[in-house]
Amino acid sequence: MTGERIQKVLSHAGVASRREAERLLAAGRIRVNGRVVREPGTRVGPEDRIQVDGRTVARDQEPRYLLMYKPRGCVTTLADPEGRPTVMAHLPATGPRVFPVGRLDYDTEGLLLFTNDGDLAQALMRPRHGVPKVYQAKVNGCPDAATLDRLRRPFRLDGRPSRPALVEVLHQRRHAVLQITLCEGRRNQVREICRRVGHPVMRLRRVAYGPLRDPALRPGQVRPLSPDEIEALRRAAGAPPVEAAS
């Protein structure tokens with residue numbers, strides 16, 4: 001069987017992550033050579049014309065890396081069937097299309113990486129690489145020492161244990177602000193573990209993704225990564241550095 005799986009091609013082209021591509025296929029939004037395809041195992045070659053929502057996919061694009069401060073009140077998808085705002089509205093209208101690496105939920109704000117470098121995106125999301133994500137969570141009430149210890153231990157989420165978390169108290173009065181570092185990308189993990197120990201999250205933001213930090217970035221703002229940041233990301237993901245052309 002020749003060609004590459006269409007999800008991989010769309011990921012490399014910066015159209016969608018592989019998971020998002022499967023959703024696009026199921027919705028009948030992808031055509032190959034004018035024919036709607038829905039099968040995730042579909043393979044395509046260099047000569048095949050791929051369209052998503054009627055738009056032809058450019059398959060050889062320059063890699064692009066953007067950092068966004070995702071505001072609250074939008075979803076981390078390319079489009080939302082419920083009509084809610086998406087992060088795509090905050091991206092530049094020009095340049096190669098990019099997709100989000102991982103996601104932040106509707107009510108969570110903070111740093112979110114976008115790229116059309118599908119290989120790097122997949123490497124960053126592999127659990128074995130344990131790329132750290134740092135969150136600051138304002139929680140209801142003030143957890144005591146025993147509760148903080150519980151937060152640091154593994155929880156059973158979706159039928160399997162989580163990895164231990166790093167948890168510290170940044171400050172507390174009536175309510176506490178915790179800094180929680182995770183080395184995996186489980187859905188709603190911070191909110192869920194805080195809920196289980198009796199201190200539900202009131203406000204949540206991600207302040208670091210691997211080596212990326214930017215306290216000056218404001219909600220809705222986007223900027224390109226520097227070459228040093230890109231190489232730091234590649235090291236964090238265990239990906240080889242990009243060699244300069246001679």
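**Notebook: cavity, pocket, helices, strands and salt bridges**

I began with enclosed space and noted that the largest cavity holds about 30 Å³ of space. The model I am reading is a predicted one. My search of the whole structure for cavities of 30 Å³ or more returned one. I then listed the residues that line the largest cavity: Val15, Leu24, Arg29, Val52, Asp53, Leu78 and Arg97. I recalled the general idea that rolling a probe the size of a water molecule over the atoms shows where empty space is left.

**Entry on the pocket**

I next looked up the largest pocket, and its space comes to about 1200 Å³. Its lining is made up of 45 residues, and those closest to its centre are Arg19, Gly102, Arg103, Gly185 and Arg187. I asked which elements give two or more residues to this lining. They are helix H2 (18-26), S8, helix H3 (118-125), S10, H5 and S15. H2 gives the most, with four residues.

**Entry on helix H3**

I turned to H3, which is among the elements that line the pocket. Within H3, I found Gly118, Leu120, Ala121, Ala123 and Leu124 to be buried. I then looked up what covers these buried residues, and the cover includes helix H1 (6-12), strand S7 (65-70), S8, S9, S15 and helix H6 (227-236).

**Entry on helix H5**

I examined H5 in the same manner. Gln189, Val190, Ile193 and Cys194 are its buried residues. Viewed down the axis of H5, the buried residues fall within an arc of 120 degrees, so they line one face of the helix. I recorded the elements against which these buried residues pack: strand S10 (133-139), helix H4 (145-152), strand S11 (156-157), strand S14 (176-182) and strand S15 (201-209). After H5 comes Gly198, and its phi is positive, near 90 degrees.

**Entry on salt bridges**

I searched the whole structure for salt bridges and obtained 15. The general principle is that side chains of opposite charge can pair when their charged atoms come close.

I first took the pair Asp105 and Arg191, whose side chains meet in a salt bridge at 3.1 Å, N to O. Which parts does this pair tie together? Asp105 lies in the loop between strand S8 (99-100) and strand S9 (108-115), while Arg191 belongs to helix H5 (residues 189-196), so the salt bridge ties together parts that are 86 residues apart in sequence. I noted that Asp105 is partly exposed, at a relative accessible area of 25%. Arg191 also counts as partly exposed, at 22% relative accessibility.

I then took Glu82 and Arg84, which form a salt bridge with their closest N and O atoms 3.7 Å apart. Is Glu82 buried or exposed? Glu82 counts as exposed, because its relative accessibility is 62%. Arg84 has a relative accessible area of 31% and is therefore partly exposed.

A further salt bridge joins Arg186 and Glu184, with 3.3 Å between the closest N and O atoms. Both Arg186 and Glu184 are buried. I also recorded a network of salt bridges that links Arg72, Glu109 and Arg203.

**Entry on Ser162**

I looked up Ser162 and placed it in the loop between strand S12 (160-161) and strand S13 (166-172). Is Ser162 buried or exposed? Its relative accessibility is 6%, so Ser162 counts as buried. Leaving aside residues up to four places away in sequence, Ser162 touches Pro154, Phe155, Leu157, Glu184, Arg186 and Gln189. Two of these neighbours, Glu184 and Arg186, form the buried salt bridge noted above. Another, Gln189, is one of the buried residues of H5.

**Entry on strands**

I followed S13 onward and found that S13 and S14 form a hairpin with three residues between them. Their pairing is antiparallel, over six bridges. Glu168 stands opposite Gln179 in S14.

I closed with an open sheet of four strands, in the order S3-S2-S5-S6 and with antiparallel pairing. Which strands stand at the edges? They are strand S3 (35-36) and strand S6 (55-56), each with a single partner strand, so one side of each is left without a neighbour in the sheet. Strand S5 (residues 50-52) pairs with S6 in the antiparallel sense over two bridges. The bridge partner of Val52 is Arg55, in S6. I had already met Val52 in the lining of the largest cavity.

Notes:
Residues numbered from 1 in each chain as written. Predicted model: local features only at pLDDT ≥ 70, side-chain atom pairs only at ≥ 80, totals over all residues. Heavy atoms only, no water. Salt bridge = Lys/Arg side-chain N within 4 Å of Asp/Glu carboxyl O. Buried < 20%, exposed > 50% of the residue type's maximum accessible area, 1.4 Å probe, protein only. Contact = heavy atoms within 4.5 Å. Pairing = 2+ DSSP bridges. Arc of directions from axis to C-beta. 1 Å grid on protein atoms, 1.4 Å probe; cavity = no way out; pocket = protein on both sides within 12 Å on 5 of 7 lines; lining within 4 Å. Points joined across faces, edges and corners; volume = space filled by probe spheres on them.
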